[in-house]
Amino acid sequence: MQAKASAALARERVWPRVAVPAVGCDLYLHRNRLSGPLPQQWGSPGALPNLRWLSAFDNQLTGSLPSSWGSSPESVPNLRNLFLSNNNFSGTLPVEWGSPNAFPMLRNLDLSYNNMLYGPLPDNWGLSSAFPVLQQLRLHNCSFRGDLPASWGSPGALNELALLTLQGNQLT
């Protein structure tokens with residue numbers, strides 16, 4: 001599925017309608033010169049219930065990160081790895097992504113090298129119910145400003161976090 005999907009996407013440069021099978025599914029869409037925003041509808045409850053891995057780094061994706069992806073625990077309940085680095089995303093990090101159990105299985109989140117992502121880091125991303133199993137959070141080489149939220153260091157916050165990269169921002 002990976003080779004056929006990647007070749008078709010590279011030719012069309014559009015987001016496909018994705019039908020995820022009943023068993024776990026991994027989507028490898030990196031380095032395909034994809035452009036445009038990530039589909040909001042992928043965050044609709046039940047849209048991608050078995051998606052485990054989304055790798056879409058090194059493309060030309062634009063727009064804001066879809067807030068709908070964090071709007072419900074049913075949006076992407078099995079997503080474990082989300083790699084969106086080295087694109088052209090803009091705006092702030094969605095506070096919805098820090099909602100309780102928005103990403104209950106997410107272990108790796110890489111948004112690095114999106115230098116049009118800006119603003120403060122969301123305080124609620126550090127709540128004990130946000131990202132309960134997150135192990136790696138890469139936010140380096142963006143345009144974040146301000147202080148590291150105190151909630152990120154509070155007891156119970158980001159308990160499983162083993163790697164946090166923030167270099168190349170304007171944080172104090």
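A residue counts as buried when its relative accessible area is under 20%, and because C25 has a relative accessible area of 5%, C25 is buried by that rule. The structure described here is a predicted model, and the protein in it consists of 172 residues, of which 45% count as buried. The protein holds 1 helix and 12 strands, and the strands fall into patterns that include two open sheets, one running in the order β1-β3-β5-β7-β9-β11 and another in the order β2-β4-β6-β8-β10-β12.

**Overall make-up**

- Read along the sequence, the helix comes at the start of the pattern and the strands follow it, as α-β-β-β-β-β-β-β-β-β-β-β-β.
- Among the contacts with a separation of 6 or more, 87% are accounted for by residues that lie 24 or more positions apart.
- The accessible surface of the protein comes to about 8,000 Å², and carbon and sulfur atoms make up 52% of that surface.

**The sheet that begins with β1**

- This open sheet has 6 strands with parallel pairing, in the order β1-β3-β5-β7-β9-β11, and its edge strands are β1 (25-28) and β11 (163-165), each of which pairs on one side only.
- From one strand to the next, the twist in this sheet averages 10°.
- Strands β1 and β3 pair in the parallel sense over 4 bridges, and within β3 the bridge partner of Y28 is S55.
- Strand β3 (residues 51-55) is also joined to strand β5 (residues 81-83), with which it runs parallel, by 3 bridges, and here W53 stands opposite N81 in β5.
- In a regular strand the side chains alternate between the two faces of the sheet.
- Strand β1 shows such an alternation, with C25 and L27 pointing to one face and buried, while D26 and Y28 point to the other face and are not buried.

**The sheet that begins with β2**

- This open sheet likewise has 6 strands with parallel pairing, in the order β2-β4-β6-β8-β10-β12, and β2 (35-36) and β12 (170-171) stand at its edges, where each has a single partner strand, so one side of each is left without a neighbour in the sheet.
- Strand β4 (residues 60-63) pairs in the parallel sense with strand β6 (residues 88-91) over 2 bridges, and in β6 the bridge partner of T62 is N88.
- Strand β8 (residues 116-119) pairs in the parallel sense with strand β10 (residues 143-146) over 2 bridges, and in β10 the bridge partner of G119 is F144.
- Strands β10 and β12 pair in the parallel sense over 2 bridges, and R145 stands opposite Q170 in β12.

**The nonpolar core**

- The largest nonpolar core has 38 residues, and those with the most contacts inside it are W97, L109, L111 and F131.
- The elements that give two or more residues to this core are β1 and β3.
- Leaving aside residues up to four places away in sequence, W97 touches L65, P66, S67, W69, G70, L82, A102, F103, L109, L111, W125 and F131.

**Cysteines and the surroundings of C25**

- A disulfide is a covalent bond between the sulfur atoms of two cysteines.
- With a disulfide taken as a pair of cysteine sulfur atoms within 2.5 Å, the count in this model comes to 0 disulfides.
- C142 has a relative accessible area of 6% and is therefore buried.
- N50, which has its place in the loop between β2 and β3, counts as buried because its relative accessibility is 18%.
- Although N50 and C25 are 25 residues apart in sequence, their C-alpha atoms are 5.9 Å apart in space.

**Loop residues with positive phi**

- D58 is found in the loop between β3 and β4, and it has a positive phi of about 55° although it is not a glycine.
- With a relative accessible area of 24%, D58 is partly exposed.
- N101 lies in the loop between β6 and β7 (108-110), and its phi is near 55°, a positive value in a residue other than glycine.
- N101 is partly exposed as well, with a relative accessible area of 36%.

Technical notes: Residues numbered from 1 in each chain as written. Predicted model: local features only at pLDDT ≥ 70, side-chain atom pairs only at ≥ 80, totals over all residues. Heavy atoms only, no water. Pairing = 2+ DSSP bridges. Axes fitted to C-alpha atoms, helices over the stretch in contact; angles between N-to-C directions. Buried < 20%, exposed > 50% of the residue type's maximum accessible area, 1.4 Å probe, protein only. Contact = heavy atoms within 4.5 Å. Areas by Shrake-Rupley, 256 points an atom, 1.4 Å probe, with all protein chains shown as cover. Core = buried A, V, L, I, M, F, W, Y, C linked by side-chain atoms within 4.5 Å.
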